Amino acid sequence: MTAREIVRYPAPVLSTPAEAVSEITAEIESLFDDLIATMYAENGVGVAAPQIGVGLRAIVIDADIENRGERILKLLNPEIVATEGEVIWPEGCLSIPGLVLDVKRHAHVEVVALDEIGREIRVEGSSLLGVALQHEIDHLDGKVMLDRVSAIKRAMWRKKIAKHGYPVEMAGSEKEERKQALG
Ligand SMILES: [Zn+2]
């Protein structure tokens, strides 16, 4: 189990759609171990494989902030199959440290995926879990939260990041800042 270095935006791997996992191998097992170690080392709610430079459709999430480690989701090839409602959530991202942005998300999502031994599972989530699922699946599709805000805001933050680097000093959220980065 090795905590890996988080790749920062705008690294190309973060804007490249990841490949589906077709076989559970020892590499996938150790990928999950590293993702989990990285998630806890970085105090994130989740981490997606592209964030540690691996272009595979694998994510881990632990959205239980009070009881960390009790319910770790390890998902391969996750797909959103149903959605409900809408929510604006102030999101942080480990790959864009310091920035918190209000992102419009589905209030509730249903996801179908494979677990770490290749069984099909269904996960439903709202609030933090629901938003984390959408945030991490976005990473698998080559999207970051900046791709979910207006072109004007995106250009502004890109420019600031290019000029001043990380951490981004000013939060972009109009809501109360939450320190927890999603992943
Ligand atoms: Zn992220």
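Tutor: Start with a term. Two residues are in contact if their C-beta atoms, placed from the backbone, lie within 7 Å. This is a predicted model.

Student: What does helix H2 lie across?

Tutor: H2 lies across E1, E2, E3, E6 and E7, and runs at about 120° to E7. Helix H1, residues 26-41, lies across E1, E2 and E3. The angle of H1 to E2 is about 40°.

Student: How many helices and strands does the protein have, and in which order do the elements run?

Tutor: The protein has 3 helices and 7 strands. Read from the N terminus, the order is α-β-β-β-β-β-β-β-α-α.

Student: In what order do the strands of the sheet stand?

Tutor: The order in the sheet is E1-E2-E3-E6-E7, an open sheet of 5 strands with antiparallel pairing. E1 (46-48) and E7 are at the edges with a single partner strand each, so one side of each lacks a neighbour in the sheet. On average, neighbouring strands of this sheet are turned by 35° against each other, direction ignored.

Student: How many bridges join E1 to E2, and which residue is the partner of Val47?

Tutor: E1 and E2 (residues 58-61) are paired antiparallel over 3 bridges. Val47 has Val60 of E2 as its bridge partner, and Gly46 has Ile61 of E2. On the other pairing of E2, 4 bridges join E2 to E3 in the antiparallel sense. There, Ala58 stands opposite Leu76 in E3.

Student: How many bridges do E3 and E6 share?

Tutor: E3 (residues 73-84) and E6 (residues 108-114) pair over 6 bridges, again antiparallel. One of the bridge pairs is Glu79 with Val112 of E6. Next, E6 pairs with E7 (residues 120-126) over 7 bridges, also antiparallel. Ala113 is matched there with Ile121 of E7.

Student: What should I look for in the hairpin of E6 and E7?

Tutor: Look at the backbone angles of the connection. The hairpin has 5 residues between the strands, and Gly118 takes a positive phi near 90°. Another glycine with a positive phi is Gly142, just after H2, at about 75°.

Student: How do I judge the length of H2?

Tutor: Compare its span with the expected rise. H2 (residues 127-140) has 14 residues and reaches 20 Å from first to last C-alpha, close to the 20 Å expected at 1.5 Å a residue.

Student: Is H2 mostly covered or mostly open?

Tutor: The general idea comes from helix geometry. An α-helix has 3.6 residues a turn, so residues three or four places apart point the same way. In H2, 11 of the 14 residues are buried, and the helix is mostly covered. Among the buried residues are Leu129, Val131, Leu133 and Ile137, as well as Gln134, His135, Glu136 and His139.

Student: Are the two faces of E2 covered or open?

Tutor: Both are covered. Ala58 and Val60 are buried on one side, Ile59 and Ile61 on the other.

Student: Which residues of the largest nonpolar core touch the most other members?

Tutor: The general idea is that in soluble globular proteins, nonpolar side chains tend to be buried together. In this structure the largest nonpolar core has 46 residues, and those touching the most other members are Leu35, Ala58, Val60, Ile61, Cys93 and Ala132. At least two core residues come from each of H1, E1, E2, E3, E5 (100-105), E6 and H2. H2 gives the largest share, 6 residues.

Student: Which residues is Cys93 in contact with?

Tutor: Neighbours within four places in sequence are set aside. The contacts of Cys93 are then Leu99, Val144, Met145, Ala181 and Leu182.

Student: Is Arg122 buried or exposed?

Tutor: Count its C-beta neighbours. Arg122 lies in strand E7. It counts as exposed because it has 10 C-beta neighbours inside 10 Å, and the cut-off for exposed is 12 or fewer. Beyond residues up to four places away in sequence, Arg122 touches Glu110 and Val112.

Student: What does the radius of gyration say about the whole protein?

Tutor: The value is 15 Å, which agrees with the figure near 16 Å for a compact globule of 183 residues. The C-alpha trace spans about 40 × 35 × 30 Å along its principal axes, and 36% of the residues count as buried. Of contacts between residues at least 6 apart in sequence, 68% join residues at least 24 apart.

Technical notes. Residues numbered from 1 in each chain as written. Predicted model: local features only at pLDDT ≥ 70, side-chain atom pairs only at ≥ 80, totals over all residues. Pairing = 2+ DSSP bridges. Expected span 1.5 Å × (residues − 1). Buried ≥ 20, exposed ≤ 12 C-beta atoms within 10 Å, placed from the backbone. Axes fitted to C-alpha atoms, helices over the stretch in contact; angles between N-to-C directions. Rg over C-alpha atoms; globule rule 2.2 N^0.38 Å. Core = buried A, V, L, I, M, F, W, Y, C linked by C-beta atoms within 7 Å.
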